[in-house]
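Colleague: Hi! Could you walk me through this structure, starting with the charged side chains?
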Amino acid sequence: MTRTKRFKKIRLHQEGTATMLWGGLALLIFNAGLYLLTVGSAWIWLSWGVLAASICVYGVVVNFFRCPIRVFEDETEGVVVAPADGKIVVCEEVDEQEYFHDKRLMISVFMSPLNVHANWFPVGGQVISVSHHHGNFHKAWLPKASIENEHADTLIACENGERVLVRQVAGAVARRIVTYPREGDMCYIDEHLGFIKFGSRVDVFLPLSAKPLIQVGDHTIGNQTVIANLANVE
């Protein structure tokens with residue numbers, strides 16, 4: 001597959017622009033007002049304490065929306081890379097009845113609120129379909145979350161003929177899933193698939209012929225860790 005890609009070179013993710021802008025402005029106004037109310041009084045310590053707490057809170061928000069620039073340096077043909085930073089919570093055969101109607105190898109990456117929450121394409125190919133499904137907000141690491149929670153599905157046809165399903169799953173805190181591709185788009189490793197806000201998971205459904213290279217409990221780096229190899233690659 002060609003290595004021509006549309007890089008999204010951003011240090012802080014675009015999905016956090018409004019949150020950081022309006023959140024920072026609100027904290028600035030609040031702290032300025034509190035300072036004016038307490039300056040010259042015995043309560044001035046309160047304004048400095050709140051300012052310190054506000055800086056810490058804003059730092060956590062900025063940290064959440066960080067988006068490191070990553071390039072996968074090895075050959076991409078037949079490779080499946082981690083779609084997100086996090087921890088492998090599932091690596092097993094499952095019955096997938098919505099798209100494939102057969103058994104698939106399911107690999108799931110759970111993202112804690114401290115992880116980078118940008119999502120990458122795990123494989124290159126053409127996007128066959130993109131769909132959003134409303135649902136519950138169970139804790140993202142629970143097995144039932146993949147089916148019952150709100151999620152977005154992106155089905156990709158690889159060049160070798162295999163099809164791979166990527167599922168972005170909302171968690172107990174996550175309430176917004178962003179998915180960038182549209183049906184018919186070409187997609188490549190190194191490109192962003194989307195973003196999920198505040199704790200969630202990403203499932204990848206692979207053919208049973210795929211060889212997993214990770215196990216439950218392993219930690220992944222999005223767009224860097226190879227989680228599986230697809231068979232039948234010429």
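Colleague: How many salt bridges does a search of the whole structure find?

Modeller: The search turns up 6 salt bridges. Keep in mind that this is a predicted model.

Colleague: Okay, pick one. Which residue does R70 form a salt bridge with?

Modeller: The partner of R70 is D85, and their closest N and O atoms are 2.6 Å apart. The two residues are 15 apart and link distant parts of the chain. R70 lies in the loop between helix 2 (44-64) and strand 1 (79-81), while D85 lies in the loop between strand 1 and strand 2 (86-96).

Colleague: Are R70 and D85 buried or exposed?

Modeller: Both are buried.

Colleague: And why can side chains like that pair at all?

Modeller: Side chains of opposite charge can pair when their charged atoms come close.

Colleague: Got it. What about R104, which residue does it form a salt bridge with?

Modeller: R104 pairs with D102, and the closest N and O atoms there are 3.2 Å apart. R104 has a relative accessibility of 11%, so it counts as buried. D102 is partly exposed, with a relative accessible area of 30%.

Colleague: Where does R104 lie relative to F100?

Modeller: R104 sits over the face of F100, at 3.8 Å from the ring centre.

Colleague: Nice. Which residue meets D203 in a salt bridge?

Modeller: That would be R201, with 2.9 Å from N to O. D203 is buried at a relative accessible area of 0%, and R201 is buried with a relative accessible area of 0%. There is also a network: E98, D153 and R167 are joined by salt bridges that share partners.

Colleague: Let's switch to strands. What is the order of the strands in the open sheet that contains strand 10?

Modeller: The order is 4-10-8, so to speak from one side to the other, and the 3 strands pair in the antiparallel sense.

Colleague: Which strands stand at the edges, and why is one side of each left without a neighbour?

Modeller: Strand 4 (118-120) and strand 8 (177-179) are at the edges. Each has a single partner strand, so one side of each has no neighbour in the sheet. On average, neighbouring strands of this sheet are turned by 20° against each other, direction ignored.

Colleague: How many bridges are there between strand 8 and strand 10?

Modeller: They pair over 3 bridges, in the antiparallel sense, and strand 10 covers residues 192-196. T179, for instance, stands opposite G194 in strand 10.

Colleague: There's an open sheet with strand 14 too. What is its order?

Modeller: That one runs 1-14-12, again as 3 strands with antiparallel pairing. Strand 1 and strand 12 (211-212) are the edge strands, each pairing on one side only. Strand 1 is joined to strand 14 (residues 226-229) by 3 bridges, and V80 stands opposite A228 in strand 14.

Colleague: Now strand 3. How many of its residues are buried?

Modeller: Strand 3 (residues 102-111) is mostly covered, with 8 of its 10 residues buried. It runs antiparallel to strand 2, and 9 bridges join the two. R104 turns up again here as the bridge partner of V94.

Colleague: What does H101 do in the hairpin of strand 2 and strand 3?

Modeller: H101 takes a positive phi near 55°, and the hairpin has 5 residues between its strands.

Colleague: And how many bridges join strand 3 to strand 11?

Modeller: Those two are joined by 7 bridges and run antiparallel, with strand 11 spanning residues 200-206. One pair of bridge partners is I107 and V204 in strand 11.

Colleague: Changing topic: how many aromatic pairs are there?

Modeller: The count is 2 aromatic pairs. One of them is Y35 with W48: the ring centres are 5.9 Å apart and the planes are at 65°, so this pair is edge-to-face. Y35 lies in helix 1 (residues 17-38) and W48 in helix 2, so the pair ties together parts 13 residues apart in sequence. Y35 is partly exposed, at 36% relative accessible area.

Colleague: Last one. Where does V216 lie?

Modeller: V216 is in the loop between strand 12 and strand 13 (219-220). It is exposed, with a relative accessible area of 52%.

Colleague: Which residues does V216 touch?

Modeller: Leaving out residues up to four places away in sequence, V216 touches I88, V89, V90 and C91. V216 and I88 are 128 residues apart in sequence, yet 4.9 Å apart in space, C-alpha to C-alpha.

Key: Residues are numbered from 1 along each chain as its sequence is written. This is a predicted model: local features need pLDDT of at least 70, side-chain atom pairs count only at pLDDT 80 or more; totals for chains, interfaces and linings use all residues. Side-chain values use heavy atoms; hydrogens and water are left out. A salt bridge is a side-chain nitrogen of Lys or Arg within 4 Å of a carboxyl oxygen of Asp or Glu. Helices (H or I, at least four residues) and strands (E, at least two) are DSSP runs, numbered from the N terminus. Buried means under 20% relative accessible area, exposed over 50%, partly exposed in between (1.4 Å probe, protein chains only). Two strands pair if DSSP finds at least two bridges between them. Axes are lines fitted to C-alpha atoms, for helices over the stretch in contact, and angles run from 0 to 180 degrees between N-to-C directions. Rings of Phe, Tyr and Trp (its six-membered ring) pair if their centres lie within 6.5 Å; planes under 30 degrees apart count as stacked, over 60 as edge-to-face and the rest as tilted. A charge sits over a ring if NZ of Lys or CZ of Arg is within 6 Å of the ring centre and within 35 degrees of the ring normal. Contact means heavy atoms within 4.5 Å.
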